[in-house]
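Colleague: Can you take me through this model? I would like short answers, each with its reasoning.

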Amino acid sequence: MPQIFHHSTNTFARITIFGAIFVIAFLAWAVVQLDRSAYVTRATQVREQPVPFSHAHHVGGLGLDCRYCHTAVETSSFANVPPTKTCMNCHSQIWNNSPTLEAVRASFRTGQSIPWTRVNDLPDFVYFNHSIHVDKGVGCETCHGRVDRMPLTWQSASLQMEWCLNCHRQPEKYLRPLPYITTMGYQPAGNQEEIGRRLMAEFNTPDTRMLTNCSTCHR
Amino acid sequence: MSDSQKDLDLAAVRGALGARLDGARGREYWRSLDELAATPEFREMIEREFPRQAIGWSEDEDPVEGRRNFLKLMGASLALAGLSACTRQPNEQIAPYIRQPEELIPGRPLFFATAATLSGVASGVLVESHEGRPTKIEGNPEHPATLGACDAFSQASVLQLYDPDRSQALTLNGEIESWGAFFGALREALALQKTKNGAGLRILTGTITSPTMASQLAAVQKLFPASKWHQWEPAGAHQERAGARLAFGQTFNTYYNLANANVVVSLDSDFLASGPASLRYARQFAARRRVSGGQTEMNRLYVAEPTPTPTGSKADHRLPLRSGQIELFAGALATALGVAQGPKSGANADIYKWVGPIASDLKKNKGACLVIAGEYQPPAVHALAHAMNAALDNVGKTVFYTDPIEANPVDQIASLQDLVKDLDAGAVDLLLIVGGNPAFDSPVELGMRDRLKKAKLRVRLGLYDDETSEVCQWQLPETHYLETWGDARAFDGTVTIQQPLIQPLYNGRSPLEVLQMLTEAPDARAYDIVRNYWAAQYAGAGFEAWWRRAVHDGVAAGTALALRTPSIQGANIRANAEEPRLGGTFEAIFRPDPTIYDGRFANNGWLQELPKPITKLTWDNAAIMSLGDAFRLGVKTADMVELTYQGWKLRAPVWVQPGQIDGAITLHLGYGRTRAGRVGTGFGFNPYGLRTSNALWSSVGLEARKTTGSYLFATTQNEHMLDSERHIIHSAGIEEFRKNPEVIQESAESPPRSLTLFPEWKYPGYAWGMAIDLNSCTGCGACVVACQAENNIAVVGKDQVRRGRAMHWLRVDSYYKGEPTKPEIYNQPVPCMQCENAPCELVCPVQATAHSSEGLNDMVYNRCVGTRYCSNNCPYKVRRFNFYLYSDFETPSLKLLHNPDVTVRSRGVMEKCTYCVQRINAAKIDAEKQSRQVRDGEIQTACQATCPTEAIIFGNVNDPNSRVSKMKAGPLNYSLLAELNTRPRTTYLAQLRNPNPEFEA
Amino acid sequence: MPENQEVIEQPPSREIIAPGYTFGTVTDQISAVVLTKKTPIFWMACFSVGFGLLLLFLLAVATLLVKGIGIWGNRAPVMWAWDITNFVWWIGIGHAGTLISAILLLLNQSWRNSINRFAEAMTLFAVACAGMYPVLHLGRPWVLYWLFPYPNSMAIQPNFRSPLIWDVFAVSTYATVSLLFWFVGLLPDLGTLRDRTSSRFARFAYGILAMGWRGSARHWSVYETATLLLAGLATPLVLSVHTVVSFDFTIAIVPGWHSTFFPPYFVAGAIYSGFAMVLALAIPLRSVYGLQGLITDKHLDNSAKIMLATGLIVGYSYMLEAFTAWYSGDVFEAAAMWNRMTGPYAFAYWSLVTCNIVAPQVLWFKRVRSKPVLLFLASLVVLLGMWLERFVIIVSSLAQDFLPSSWGNFHATRWDWATYLGTIGLFLFLFFLFIRLLPMISIFEVRTLLPQAKVDEEVRS
Amino acid sequence: MIKPIYGVMAEFDSPTALVNAARAAREKGYRKLDAYSPFPIEELTDVLHLHKNKLPLIVLIAGIIGGLTGFFLQYYVTVIYFPINVAGRPLNSWPSYIVITFELTILFAALSTVLGLLALCGLPMPYHPVFNVPRFALASRSRFFLCIESRDPLYDHDETCEFLETLEPREVSEVAH
């Protein structure tokens, strides 16, 4: 009988068989990467806003404290997006006819809310409470990043479960003294881990078993 | 709550909506309601209405996304959550306030006091409000009628508020009109009436206790002297008032104090579960039954009743009697007490056998006992009860009298017949029907449905466009009590100022505002009407303070009616010697339905799906009859019978009920609605079709015969008999218990903690646990609705319930023990047991359910893949599975109802009770912020908070001083199915009974 | 076909291969089934039935995915019903193949040579059908991958204590190993087909699959070791699979499930139903394709004997089940058993007893064992019986467990039927594709059965 | 150009003939030779001195690796990676891990068996000189072939052909590359 295959098919056949293993491995790896990619988590992506509000200017430049606008952060689960009134406190005086702020003034006139786009947006089955974190030494910067350097705001962390667990499993690596909660670019005075452990004792932070309960975040 | 928040002007939006509606005319409008709800205008309306009160994730490019994200709702995303992080978060938006009200902190609920009314009588409630959305009703601890507890009706009223089937627009003959147009028409009609002193003006209301409304009606009366005000309350306290008149010659209001009663005799009164003060009574009654520490004194309850009720289930002696025999029994008892002259023996030997021991028991407890006449028993029984209480000198100790709480306690049947007379005479030009549903629920022989049409101009103010609206030209949307100002009296006359929690959703007006239209100041707003009235009442300075306090507390100080001590007109007290003869017929017994009452709650899914006490029937009523009668008729449960009463006919499905007395067929009112809404229309059958003026509550002469066909009931429990081997309910007689306090422990088999191969898991810090006192539980079911409201539990509908797919996290099982004709009845609430060795956790392949360090059996909905293995392996069967997409993610108004702190579950995931973990976490966070421990009682689970008898106690079992620890430490404590060594954190306290030793069964 | 297509019909014989066959004739007769141009009506008929049911299956699955598990009759407390019943049934059937090829190989049962190929194929397809149910019965099938350990951003992994995870591993391993075993067995025959087919495409396809097998002595020596090793591995595996499946029940505390002798009981049952399926397939096939010479009455007889033996073990298990329920003195166990016999599912219980214990007793008689038709019927009865067994164990136990308040009965919906018939369709579809495209009998192993295959002793040394 | 020859091939009718031929060739001193048959003939293994192969060792090692992977995967996940209290069982519930440990052992071993088989047989090799012989198609049906390869030191085209003829084959043919 005549040969069915050309000589080269031998090499080809082997390559396909053993190559397949690597291809599959690569695909798996790719998916895992995609799962954590900025495309999926939307981290570092600037969101469109009705008013081009610059944290860089207000926090970095003017040095406003976070709590001037986000008033509920110490008392409520929700840090609160400031009412138009808060903007107008200043902007009825300064920049009071800048076209970029027209949306704000319009809102104040018509009583229609400014439709801000959420930047740090957890899935709806996750229950995050700002107040307890802020009261127990988790700085704004720890999750929101250097807001004072964001001309337009973006989400700095992945906000994925493993990211949350990093801190819930070893808070000592992240806690800071209460006076520095809103500080941007905070540098620990000394060894973070030691400070962290001291603070945990001070705040009597629950043990990590409790911090990693499912119901701590999911209900 | 500051009024500034209330001045939202929605005119513009309504304009848009109205314009839209004008497009769709007549009936077509109704068909197009859904479609309407989906239109941008409607969403805008809802959304513009709320952002100022609620932080709402509002519109978004994709309308579906937009609707979904409108509120803190995750549900639908759950379906996608499968791909977890692989799904990107959609763009969500935040609509902040313009000016933020200072007392409101976004993310933290506020509570406001107001009152829900039933048949006109108030029960005080606290309403939880999330950024302006009322989401949950709790009892008001300050209020005498509720004492912090809450019944199923009030719990479910919040769903009624958001019901998309509520009357949404003012209509004239089914076509949308404006309030202006109506006002014009009304003025015209009134002008005419003015000329004839209002001779043609009739107002028909339900029972009214509101002082403000009373004054308005008086004012109207002054303006139109010849006008008439009629009242009709289908399940009102007519008999009670008539009884008082019979006994005292004038109308009095009666209430009791069970805290002082050692012995209670109920003459067919379900005082623990129905009636305006039932919550208070239940609390007091349970307190006198609780055995703890050395205290082993229990009160004793005798109940004579035809159909098993929650009260009957608590009885130490339950005496099955036909409703018609109660009078005979009361007479015999009165005779035995020497209060009346009656025969000492009679045809019905049982009765005379019973009265002896009961009478001596009562005599032994003079001044500390109580005879309660059922509110549906004839006047004579009430009179006898008054006489006996007087003779036992209980007045002022366990029985109290005040002037009636109603504005005008007329004989409502007479009042209705009077109206009918005028209608027939064609004397009624303008008939204003405020609330109620007379076309549906008035006595059948009056044929109200057609008679009403004889009034020339018919105006109906109602929550729903129902059977009555159908026969009226004008249908005015009524505000829900959570939408407006008002006031009402409680059982003892205490006034609550009702305050609104939210702007009217559907452009409704309150009864006060509509009645106001008849007066000189037609356009006053509810707030001013109520405030001005009380300002007028309030003598002296400091009204503002008084008003603010009254509104804040939900109780107006010093408004309880003064106590009276009326004297018995002995002549009227006669002991009937003859019981009505059945003569081959049956006795018809009419009762308001345990869950949808007189039909007003027919469109309320929570109440429809709430299993009725004892029968566990949902979505239906039935012809409840005894096993004997069923046998004689040759029928079984779900067979159809034809009932005939004085020529009126009705087909109804049979329900064979253990404990039902032979010869009586009990029919629950309220079903068979023809125009209730999408939820309530067409379920069950309508007993009003047999109910005549002369037999409102019961009468012999009902004929029943088997007919063809059978019916599909939806019950949540099929098997009720307790067998001796399965130790599910532990109980003992009090004497037995006194002799041997360990009697329960000995009968309960529970393996020692050391009996395990595994190292112990330690639970330092908090260890949450629950104790349920079966001795207190009446099985009323309020806890079930409370749980449903708190935890966003979906309504699944009759068909799914029938397929065993009801979603209640907490169920109340009922069991019968002993002979089927007169069984002992036991109630057992079953939430998740939070087992320390949870069988469900072991078998979950994805760790969607696992144990928390505080001993909670956590359930992570968004991790669940839905193998349902956990449910199979749960010996208590407390896990519920979303077989379909049960949660409503579409209806805009229903989204406002959701509790933002609890995930709304989507299709294909398992769900269950976690001790209201959202409340636990909230309390813990607050405590930790103050660097302290959570205090005992600081966390109340929804079921616990609402329970009238405090049967459910939750707390930290690591704290030996917590209430729950103390209860668990007691000798009555036992674990359900302890032999499985699941180590439940939820345990039960065994039930005790206190039978009268003189009683030989 | 090239030269001498000398197919000879042989009368059935008591031997494991009819006399008169030569290397050529066995080769040609078996490969002819695949290589022939004309397809028999029988095949057409069965295949179309299978295909039709397969479409029904797709419809059922589509509806399930769109609407949810609710379309089935599953309810509280019967959260598992036909879904898991079918799963266990199919897995059970999927035992015979590997058993025949592995265990009988180790036991030197040369009669296996002519039935192991299609038995293995049957195993594969049965496992494929079984595999459908664990996926479809999920409330959210699209997150199936959470059942596998993989590095994820949720930082959470499967619960390795759950028998369902054990299932995932056991079944997927079993499927993989069976596939490998089957393919390895096919290699030489693929070579044969490659060399015998006349169509260029077929030659190419078989050529690729044969991987250049050329029957060299070197190949054969490694090949023999490999098959022995695979057999050695598959033997404990095949016994483990149904053991693990039985853990789904024994690990749970449901009365009627929680029992220690399930593993041997389930394995026996699996082999029982497996052999029933082998007979149900072999008997029609051999008569349609005239293979009585290769699949002789001897094969049927042996299979029948194995059925009888395993059937007796199963019967013993039923009795043991009842006995322990009574002897344990456990209220709930006793109640569950009593309910099984007298409760709402009594009919199913007693029919399964009839099908699995009473009916198969006829296999004691040689006269029955030598009547293919009777054997065929018997095996169908057993297949039905084994389905009922799983149904009763699962549903009747769940329907009435601990608290009477939450008892409730299961009623199958039309979608339950559609899904079940659907997988039967899937099975037929795959199986008849296999019949048409691959040799249903292992050619090279049959060659070794021929007397000519012996190397004469005297010429040696 | 002259095509180099892979070897010469003799065709036989019966396994016995093939075995004898192979033995004769070995005795003649040929080493680079191979026999082809439609089914395994164990005698050939001894005759051609096919030393025992390494497959069992490979499989053993793979199996052990699989087992260890299985156990420590589970141990790591439950004890180290995310310790969760499941049903009050200890974190390291080793009895529960037996099943998966066993399954992975089998899986790894089985995969290594098949890959090993292919590797040791030098498969896949769709192209091979012997296929150039037209009658070789029968090697997978009913005929038996002995091939002496040209890379054998003793190989000489004519001599080898003659030698093969002495073995009374059905036919001798040369195998082109």
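**Backbone, barrel and interface**

Colleague: Is Cys916(B) buried or exposed?
Modeller: This is a predicted model. Buried means under 20% relative accessible area. Cys916(B) has a relative accessible area of 7%, so the residue is buried.

Colleague: What is the phi of Cys916(B)?
Modeller: Cys916(B) sits in the loop between β36 (910-911) and α32 (917-929) of chain B. The residue is not a glycine, yet its phi is positive. The value is near 50°.

Colleague: Ser931(B) has a positive phi too. In which loop is Ser931(B) found?
Modeller: Ser931(B) is not a glycine either, and its phi is about 45°. Its relative accessibility is 46%, so Ser931(B) counts as partly exposed. Its loop is the one between α32 and α33 (942-946) of chain B.

Colleague: Now the prolines. Where is the cis peptide bond of Pro77(C)?
Modeller: Pro77(C) belongs to the loop between α2 (41-67) and α3 (82-93) of chain C. Omega is near 0° for the bond in question. That bond runs from Ala76(C) to Pro77(C).

Colleague: What is omega for the bond from Leu123(D) to Pro124(D)?
Modeller: Pro124(D) lies in the loop between α4 and β3 (144-149) of chain D. The peptide bond that leads into Pro124(D) from Leu123(D) is cis. Omega is near -5°.

Colleague: Next, the barrel in chain B. In what order do its strands close?
Modeller: The barrel has 6 strands, and their pairing is mixed. From one strand to the next, the twist averages 45°. The order is β21-β26-β23-β25-β24-β27.

Colleague: How many residues of strand β26 of chain B are buried?
Modeller: Side chains in a regular strand alternate between the two faces of the sheet. In β26(B), Ala664(B), Thr666(B) and His668(B) point one way, while Ile665(B), Leu667(B) and Leu669(B) point the other way, and all are buried. The strand covers residues 664-669 and is largely enclosed by the rest of the structure, because the buried count is 6 of the 6.

Colleague: Which residue in β26(B) is the bridge partner of Ala623(B)?
Modeller: β26(B) pairs with strand β21 (residues 586-592) in the parallel sense over 6 bridges, and there Ala588(B) stands opposite Ile665(B). With strand β23 (residues 623-625) the sense is antiparallel, over 2 bridges. In that second pairing, the partner of Ala623(B) is Leu667(B).

Colleague: Which residue of β25(B) stands opposite Met640(B)?
Modeller: Strand β24 (residues 639-645) and strand β25 (residues 648-656) of chain B run antiparallel. 6 bridges join them. Opposite Met640(B) is Pro653(B).

Colleague: Chain B also has an open sheet of 3 strands. Which strands stand at its edges?
Modeller: The order is β2-β3-β4, with antiparallel pairing. An edge strand has a single partner, so one side of it is left without a neighbour in the sheet. The edges are β2 (110-118) and β4 (133-139).

Colleague: Which residue in β4(B) stands opposite Leu126(B)?
Modeller: Strand β3 (residues 121-130) of chain B runs antiparallel to β4(B). Their pairing has 6 bridges. Leu126(B) stands opposite Glu138(B).

Colleague: On to the interface. How much area do chain B and chain C bury between them?
Modeller: The contact takes 57 residues from chain B and 58 residues from chain C. In chain B, the residues that lose the most area are Arg726(B), Tyr869(B) and Arg907(B), together 16% of what that side buries. Carbon and sulfur atoms hold 57% of the total, which is about 4,700 Å².

Colleague: Which backbone oxygen does the side chain of Arg868(B) reach?
Modeller: Arg868(B) is in the loop between β34 (857-859) and α30 (869-872) of chain B, and at 1% relative accessibility it counts as buried. Its contacts include Phe881(B), Met910(B), Trp80(C) and Asp83(C). At 2.7 Å, its side chain reaches the backbone oxygen of His137(C).

Colleague: Last, helix α3 of chain D. How far apart are its end C-alpha atoms?
Modeller: Its buried residues, among them Gly63(D), Gly67(D) and Gly70(D), pack against α9 (161-169) of chain A, α8 (217-250) of chain C and α4 (94-121) of chain D. The helix has 27 residues, so at 1.5 Å a residue it should span 39 Å. The distance between the ends agrees with this: 36 Å.

Terms used
Residues numbered from 1 in each chain as written. Chains lettered and ligands numbered in written order. Predicted model: local features only at pLDDT ≥ 70, side-chain atom pairs only at ≥ 80, totals over all residues. Heavy atoms only, no water. Helix = DSSP H or I, 4+ residues; strand = E, 2+ residues; numbered from the N terminus. Buried < 20%, exposed > 50% of the residue type's maximum accessible area, 1.4 Å probe, protein only. Polar contact = N/O pair within 3.5 Å; in protein donor to acceptor, adjacent residues only side chain to side chain. Contact = heavy atoms within 4.5 Å. Pairing = 2+ DSSP bridges. Expected span 1.5 Å × (residues − 1). Buried area = accessible area lost by both parts, 1.4 Å probe. Axes fitted to C-alpha atoms, helices over the stretch in contact; angles between N-to-C directions. Lists of a residue's contacts leave out its neighbours within four places in sequence.
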